[in-house]
Amino acid sequence: MPLRSLVRDWGLEIVYMISGAFGGLLFVMKKSNRKRPTWEKILIIFIGVLTANYLTPLVVWLCGIPENVHNGIAFILGYAGLNTIGYIIDYLRNKVDKKK
């Protein structure tokens with residue numbers, strides 16, 4: 001069984017994941033995110049990859065987006081997913097800091 005078929009059977013689309021990773025890298029490279037610990041940066045990029053991988057097919061189907069722009073949609077979703085997880089991490093960090 002070819003690797004590509006095996007990966008697709010797991011629900012992973014490599015091209016979407018790469019696009020989401022680039023979106024994640026762009027988010028992490030923003031000036032406001034440079035002070036984050038390394039583990040947070042890695043987590044944010046990973047969440048962007050997963051967001052792009054699993055939401056791109058849904059968004060493309062719901063919106064009827066042509067196939068030639070799917071990777072761009074994956075990039076945008078990866079970046080947006082990172083924003084969301086970044087806000088969640090900040091919220092949780094502030095909550096923990098207030099308890100100290």
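Start by selecting Leu-25: with 37% relative accessibility, this residue counts as partly exposed, because that label covers values between 20% and 50%. Keep in mind as you look around that the model is predicted.

**Helix α2**

Now widen your selection to the helix that holds Leu-25, which is α2. Try a distance check here: how far apart are the end C-alpha atoms of α2? They are 22 Å apart, and this agrees with the 22 Å that 16 residues should span at 1.5 Å a residue.

Next, colour the buried residues of α2: Tyr-16, Met-17, Ser-19, Gly-20, Gly-23, Gly-24, Phe-27 and Val-28.

**The nonpolar patch**

Switch on the surface and select Ile-14, Ile-18, Phe-22, Leu-25, Leu-26, Met-29, Phe-75 and Ile-76, which make a nonpolar surface patch of about 760 Å². Two elements, α2 (14-29) and α4 (70-99), each give two or more residues to this patch. Which of them gives the largest share? That is α2, with six residues. A helix fact helps when you look at such spacing: an α-helix has 3.6 residues a turn, so residues three or four places apart point the same way.

**Ala-52**

For the last stop, move to helix α3 (residues 38-63) and pick Ala-52. Is Ala-52 buried or exposed? Ala-52 counts as buried, because its relative accessibility is 0%.

Show what surrounds Ala-52: leaving out residues up to four places away in sequence, it touches Tyr-16, Gly-20, Pro-57, Ala-74, Leu-77 and Gly-78. Finally, draw a line from the C-alpha atom of Ala-52 to that of Glu-13; they are 39 residues apart along the chain, and the separation is 9.2 Å.

Terms used:
Residues are numbered from 1 along each chain as its sequence is written. This is a predicted model: local features need pLDDT of at least 70, side-chain atom pairs count only at pLDDT 80 or more; totals for chains, interfaces and linings use all residues. Side-chain values use heavy atoms; hydrogens and water are left out. Patches are made of residues with over 30% relative accessible area and no salt bridge: like charges are joined within 9 Å, nonpolar side chains (Val, Leu, Ile, Met, Phe, Trp, Tyr) within 5 Å. Accessible areas come from the Shrake-Rupley method with a 1.4 Å probe; for residues, only the protein chains shown count as cover. A salt bridge is a side-chain nitrogen of Lys or Arg within 4 Å of a carboxyl oxygen of Asp or Glu. Helices (H or I, at least four residues) and strands (E, at least two) are DSSP runs, numbered from the N terminus. Buried means under 20% relative accessible area, exposed over 50%, partly exposed in between (1.4 Å probe, protein chains only). The expected span of a helix is 1.5 Å times one less than its number of residues. Contact means heavy atoms within 4.5 Å.
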